[in-house]
Amino acid sequence: MSLLTSEWVPYRNENYFRKLEIYPDMYWCNEIDINTSVVIAASCGGPIIIIRDRTKLVSVKTSGKPIISVYTSSGKIISSFVWNSGHLINLGWSNNEEILCCQDDGLVLIYDLFGNYQHTFSMMKDRKDVKLLDARITSNFTRTIVAVLTETYNIYVVNDITKVKVHILPEIPDFNNIPNLWEIILQERQTSVLISTQHSLYSVSHAECKQQVIGFNDTDYSNDINVINAIKKMCISSDHKHIALLNNDNRIWIGSSDLRKVYRVYKKPFTSSIDQMAWCGSEGVALYFKAEEVVIIVGKIDDQVTFIYTDPICLVSEIDCVRVIGAFTNDLLQLVPNCVQDIFRINSTSPSSYLVEAFKQFEKRNHRANEYIHLVNQMLETAVDQCIKAAGHEIDPSTQKLLMKAAQFGKTFLQNFNPDQYLSMCRLLRVLNAVRDPKIGISITYPQLQKISLQTLLSKLVGQRHYYLALQASSFIRVSSNIGSSHILTQWAKFKVKQTHVDKEQLAITIADKLGKYSGVSYHSIAEMAANSGRIQLAIRLLDYETQVNLQIPLLLKYQQDNIALKKAIESGNTDLIYMVLLHMQTSMPLGKFQMEIKKSSVAQALYIKYCHQHSGYSLLDMYTQEDNHEQLALYHVTESIKSNNSKEMSVSINEAINCYKRTRDEFSLTTCESQLKLIRYQSSLEEKLKNNFRDLTLHDTLVKLLEINELKLADKLRSEFKVPERRYWWARVTVLAKQEDWNELDKLSKVKKSPIGYEPFIDVCIEHGNKYEALKYLPKIRDDLKQNYTTKVTSMP
């Protein structure tokens, strides 16, 4: 325990700060000089950008262009590239660990960890002639914010680089010089910028620009003093809830980021200047005095602690600690968690401390283990939970093992203890220790992992191309495949397809072999990446492994593989996909070639014909004409004649159909069309003569209509010309006369001559129209075998 607490420094009454050496031997120890470099570290133990500080004079052996180097937290080089673009004014990290490079022309260029260009967006789309003076880049765990200051002293802000929408903040009064300091503050519902000018301190949001007044009097906080040319340093906590301001009087104002609440005003102890300020979690502010070779952590309420650092360092704020990055070491300074203090603090009497001591005695085979267990018997479950939590906060694997074994020892005395928390912590510790390894170099802590989630940690590993470790970690901690194994292997495959020196066939087989046993792998996104890298044939080959046809087809069409797309669409049986391919082929191919291609598939041709019937008759006509399919051409013209509302157009279509049927020698259809054409012409003559509409009527309907308007001679002529059967004609006469209730004419018709349809229809129409008297007239004339039935019908009428 003495070794564990040797780096603990007492703080306030019962708390401690401690220094944890994450990487005591940095890889870069002989490569970089912290004094002459700008160090920009990503959050949660992420990678570090190193670039020469161009404000300091150093000997340069290269061309003098900026060199951006990316290292892990352990100082291992990831990539390095020369900046060949415009004038660089600032760099930063996105929440996805992408490198953001802001130029003075307003362009923000985004690179991955390996210096590969991703994309660009502009902060000054409407003011391309205006240059930038400065830029700020910050992020939380969900979005990345960029703010720029123009030479006209306007501030532009993008609240989320994934949804680029530039906002201009309200103008600041009398703001005509470069500000002393300015920083972005992320609040719950808005983004604001805190600016310190020569005369005032302003808080600028989308809604307003507000001048702020800060009190630096440590004896009376209400005695506020207007800040005039006073603030020379400011730092904001990682959660953007707290802020520290240093004025020219060497006083530090510590309070809430909205400046409404002051926690403390601190007077620095040394006359030397403060070189760096950074928040240590949310507990206090770390101050680095280079001349004094110390880091002082000033508590936000009271007290302070001191750590010695003889070599130049850089302070990086984290949500639970402050990272101290040097040329030789990478440390964490943090407030010791309460669960750890309870166990390892000297003279601790907490249940978890007794449980650890009991385990130690048990390993020594000492009977005192039983005594310690009895001391915590009533709170044993709490002690076990505290040991498990404390193990998560420890960096050293041996300490982790001690605490987890103590927890395991304690839970054997408990009944109905749920082991899920214990098992989960075991898995998490193995993953955390693996990613903290110097070869990997992600110095993430357990509270940070809780904040960003396991999925984000896996994304960090994938981003640094540690695919195997990410895959093993996802399997070990049992993450679902869509965010675990499938996602990781998809990203690995996307990386592999960019390697142009590998044969496409071999690479496709390798990828399929690796990914085959995993469900949910997105082959279409891998193929799309291959195509974007110029490897179209590899993309087509990879699409063969995609199980979702609806994802295959669009990409095959995009890569001009129409025939393959059509084949796969037909095999899927999805008519929507077939139509998608057919319509694409129709617009992208010459008509003749398109018609020849779809002719190869009866399914495709049938569906295309169905589509043309509903939407594009002319395309259907072209296809039948090219194929000399006179039978279908005739049918098409007949259909068009039915759709037409104009007699002339109908006649033209019927004539075309007649010509086609002559070629096919279909006598029945030919005779039918000729009769229809004759009927159309006859109806046209009737319309001219009677000024009545006969269009679209059948022969029978035309005959009935003539009878209804009492044009008996024309009806007889129609019957004669079209050879209407006498029975049909008599049926029409009887029906029309009954409908008109012209019973006298009906009676005369029955006496003209013997009815070819018999006299039963006469009785039927009388019954239908409720005329019993007329019905009785025809009863003697009907056949004997039907008289009884019809007599019953008539006599039953009212």
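Which residue in β21 is the bridge partner of His242? Here are my notes for someone opening this structure for the first time, with that answer in point 3.

1. Before anything else, keep in mind that this is a predicted model. Averaged over the chain, the pLDDT is 83, and 91% of the residues score at least 70. Watch residues 222-229, though: the pLDDT there is below 50. Beyond near neighbours in sequence, that stretch has 20 contacts in the model.

2. Have a look at strand β20, residues 242-247, where six of its six residues are buried. Both faces are covered. On one side you will find His242, Ala244 and Leu246, and on the other Ile243, Leu245 and Asn247, all of them buried.

3. Now for the partners of β20. Strand β21 (residues 251-256) runs antiparallel to β20 and is joined to it by five bridges. To settle the opening question, His242 has Ser256 as its bridge partner in β21. The two strands make a hairpin with three residues between them, and Asn250 in the turn has a positive phi of about 60 degrees.

4. β20 also pairs with strand β19, residues 231-236, again antiparallel and through five bridges. If you want a pair to find by eye, try Met234, whose bridge partner in β20 is Leu245. The hairpin of β19 and β20 has five residues between the strands, and His240 there takes a positive phi near 60 degrees.

5. Two open sheets are worth tracing. One has four strands in the order β3-β4-β5-β6, with antiparallel pairing. Its edge strands, each pairing on one side only, are β3 (37-41) and β6 (77-82). From one strand to the next, the twist averages 20 degrees. Within this sheet, β3 and strand β4 (residues 48-52) pair in the antiparallel sense over five bridges, and Val39 has Ile50 in β4 as its bridge partner.

6. The other open sheet has four strands ordered β11-β12-β13-β14, and its pairing is antiparallel. At the edges sit β11 (132-139) and β14 (166-168), each with pairing on one side only. Neighbouring strands in this sheet are turned by 20 degrees against each other on average, direction ignored. Seven bridges link β11 to the antiparallel strand β12, residues 144-150. Among the facing residues, Ile137 stands opposite Val146 in β12.

7. On to the helices, starting with α10. This helix covers residues 485-497, 13 residues in total, and reaches 18 Å from its first C-alpha to its last, close to the 18 Å expected at 1.5 Å a residue. Ten of the 13 residues are buried, so α10 is largely enclosed by the rest of the structure. The buried set is Ser485, Ser486, Ile488, Leu489, Thr490, Trp492, Ala493, Lys494, Lys496 and Val497.

8. What do the buried residues of α10 pack against? The list is α8 (454-463), α9 (467-476), α11 (504-515), α12 (523-532) and α13 (536-543).

9. Next, α12. Its buried residues are Tyr523, Ser525, Ile526, Ala527, Ala530 and Ala531, and they pack against α10, α11 and α13. Just after α12, look for Gly534, which takes a positive phi of about 85 degrees.

10. How do α11 and α13 cross, left-handed or right-handed? The crossing is right-handed. Their axes come within 9 Å and cross at roughly 35 degrees. From α11, the residues involved are Lys504, Glu505, Leu507, Ala508, Ile509 and Ile511, and they meet Gln537, Leu538, Arg541 and Leu542 in α13.

11. One last residue to click on is Asp562, found in helix α15, residues 562-572. Is Asp562 buried or exposed? Its relative accessible area is 10%, and buried means under 20%, so Asp562 counts as buried. Leaving out residues up to four places away in sequence, Asp562 touches Leu557, Val581, His584, Met585, Ser588 and Met589.

Key:
Residues numbered from 1 in each chain as written. Predicted model: local features only at pLDDT ≥ 70, side-chain atom pairs only at ≥ 80, totals over all residues. Heavy atoms only, no water. Expected span 1.5 Å × (residues − 1). Buried < 20%, exposed > 50% of the residue type's maximum accessible area, 1.4 Å probe, protein only. Contact = heavy atoms within 4.5 Å. Pairing = 2+ DSSP bridges. pLDDT = per-residue confidence, 0-100. Axes fitted to C-alpha atoms, helices over the stretch in contact; angles between N-to-C directions. Left-handed = near helix turned anticlockwise from the far one by under 90°.
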